[in-house]
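Work through the two exercises below with the sequence and the structure open beside you. Each begins with a task and is followed by a solution that goes step by step.

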Amino acid sequence: MKQMIIEGNHKLKGTIEIGGAKNSAVALIPAAILAKGKCIIKNVPNISDRDALIDILKLLNCDVTLESNILTIDSTNLKNAPIGAELSNRLRASYYFMGALLGREKYVEINIPGGCNIGSRPIDMHLEGFKALGATIETHKDKYILKADKLIGTDIFLRFQSVGATINLILASVYAEGTTIIHNAACEAEIINIIDFLNNMGANIKGAGSSTITITGPTKHHDAEITVLPDRIEAGTYIILGALCGDNLCIKNIIPAHLEALTTKLKEMGANIKINNDSIIISETKDLKPINIKTLVYPGFPTDIGQPMSVLLTQCHGTSLFEETIWENRMGHVPSLNKMGAKIKVNGMSAIIEGPTKLTGKEVIATDLRGGAALVLAGLIAEGTTIITDVEHILRGYENIVTKLTNVGAKIELKEI
Ligand code: EPU
């Protein structure tokens with residue numbers, strides 16, 4: 001078990017370099033087995049979710065090498081094997097092996113996936129889609145067995161633009177016979193990254209970034225390369241940090257177009273922000289205006305930036321509203337923020353936030369990845385020392401967070417307890 005100790009109230013200055021996107025990398029790694037050869041994935045973030053996926057690849061007899069942030073995966077000699085609870089529980093994205101193995105092997109045995117406790121997280125749309133492609137699904141207590149003699153392309157209508165279902169169904173359908181059309185698909189930039197990778201290995205997928213994705217299969221695949229796109233959620237978290245306590249804090253290696261929902265809100269609040277081609281420079285701004293935030297699917301305001309943003313709302317002059325629409329349980333960090341001095345009232349999936357409030361260091365608990373990141377931001381502007389426990393949640397998704405923050409002047413350390 002690790003805890004994070006933060007001495008707050010220091011101005012942050014310098015440059016934070018953003019790594020590869022977690023939510024792209026965690027799908028690209030399982031997708032690599034669809035090449036049936038050697039894949040090179042560049043700019044892979046150094047996060048514990050990466051390590052959990054590498055362990056699953058090794059279980060499946062893939063050759064894996066990691067040098068700095070370049071991951072090489074050779075799945076030529078893949079041997080299918082049940083993915084047990086110990087591995088699948090370590091992260092949500094273990095479920096991308098459902099689509100990838102069903103596509104390649106037509107058989108998958110996997111325990112239910114893990115991930116943050118931010119809602120009930122059903123996977124009914126994934127399973128319905130696999131069935132529509134011709135798979136049969138047995139559900140045993142904590143385990144799924146998916147099998148098919150062959151997969152046949154079909155029309156799949158998603159009732160919600162689910163990121164995970166869109167990706168999983170693309171993975172399964174590259175080896176399906178004929179045309180699969182996914183209607184009401186998610187449009188996140190990460191999905192374009194996955195489709196580019198699959199097309200690089202020989203797949204025939206059209207419509208990336210739109211809500212209609214067409215996959216024509218089966219295609220013959222070969223070795224391929226891809227670079228993980230920059231993490232817009234990591235970037236968004238540090239941009240918000242800049243608005244809280246930055247002194248010309250530069251957030252570098254980003255794609256500003258992916259962050260427009262956030263930067264538009266920051267401008268509306270009156271934040272001191274300068275947007276360049278691949279970086280944003282941001283400083284603490286006094287007298288921030290209160291605003292209303294409602295999280296939506298891409299290109300709306302990202303649910304994953306809502307919790308960090310709630311910390312900035314505690315510093316606005318007046319009453320702000322933070323409304324979550326994707327996950328039922330995105331307010332796990334609020335009791336900790338209130339313990340530190342925030343005035344936040346939660347009503348179901350919404351929160352009313354009164355500001356500005358002075359925050360004071362306390363001992364708090366990271367209940368989930370983005371809620372944990374919100375507590376790091378709060379600790380960095382609080383008077384005194386903040387101790388965050390259960391930081392494993394944070395390390396799942398923010399690479400080298402302590403080093404990156406220390407390099408810009410934060411007083412933060414990780415301690416084994
Ligand atoms: N949903 C269903 N049935 C399904 C699938 C989803 O009802 O079969 C519902 C979910 O319960 C939720 C909504 O649809 O209410 C959205 O779920 P989605 O499938 O889009 O989310 P996900 O793929 O499980 C990914 C990210 C999340 C991010 C969401 C939304 C990964 C590994 N996770 O989750 O990231 O919040 O998309 O953008 O890509 C995070 O990084 O902290 C994180 C939670």
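**Exercise 1.** Find which polar atoms of the protein lie by the ligand, and describe where the ligand sits in this predicted model.

*Solution.* Begin with the side chain of Arg121, where an N or O atom is 3.5 Å from an oxygen atom of the ligand. Go on to Arg159, whose side chain likewise has an N or O atom 3.4 Å from a ligand oxygen. Then turn to the backbone of Pro122, which places an N or O atom 3.4 Å from a nitrogen atom of the ligand. Next consider the cover: on its own the ligand has 820 Å² of accessible area, and the protein covers 91% of this. The site itself is the largest pocket, and the elements that each give two or more residues to the shell around the ligand are α1 (22-31), α5 (124-132), α6 (163-173), α10 (303-313) and α12 (369-381). Finally, there are 23 residues around the ligand, and those that come nearest are Asp124, Met125, Ser162, Asp304 and Ile326.

**Exercise 2.** Decide whether Glu399 is buried or exposed, and describe its surroundings.

*Solution.* First locate Glu399 in the loop that runs between α13 (392-395) and α14 (401-406). Its relative accessible area is 13%, and because buried means under 20%, Glu399 counts as buried. Now list the contacts of Glu399 beyond its neighbours within four places in sequence: they are Gly19, Val44, Pro45, Asn46, Ile47, Glu234 and Lys404. With Lys404, the contact includes a polar one between the two side chains, at 3.0 Å.

Technical notes
Residues are numbered from 1 along each chain as its sequence is written. This is a predicted model: local features need pLDDT of at least 70, side-chain atom pairs count only at pLDDT 80 or more; totals for chains, interfaces and linings use all residues. Side-chain values use heavy atoms; hydrogens and water are left out. Helices (H or I, at least four residues) and strands (E, at least two) are DSSP runs, numbered from the N terminus. Buried means under 20% relative accessible area, exposed over 50%, partly exposed in between (1.4 Å probe, protein chains only). A polar contact is a pair of N or O atoms within 3.5 Å; within protein, one must be able to donate a hydrogen and the other to accept it, and residues adjacent in sequence count only if both atoms are side-chain atoms. Contact means heavy atoms within 4.5 Å. A residue is near a molecule or strand if one of its heavy atoms lies within 4 Å of it. Accessible areas come from the Shrake-Rupley method with a 1.4 Å probe; for residues, only the protein chains shown count as cover. On a 1 Å grid over the protein atoms alone, a cavity is a set of points where a 1.4 Å probe fits but cannot get out, and a pocket is an open set with protein on both sides within 12 Å along at least five of seven lines; lining residues have an atom within 4 Å of a point. A molecule sits in a cavity or pocket if more than half of its atoms lie within 2 Å of its grid points.
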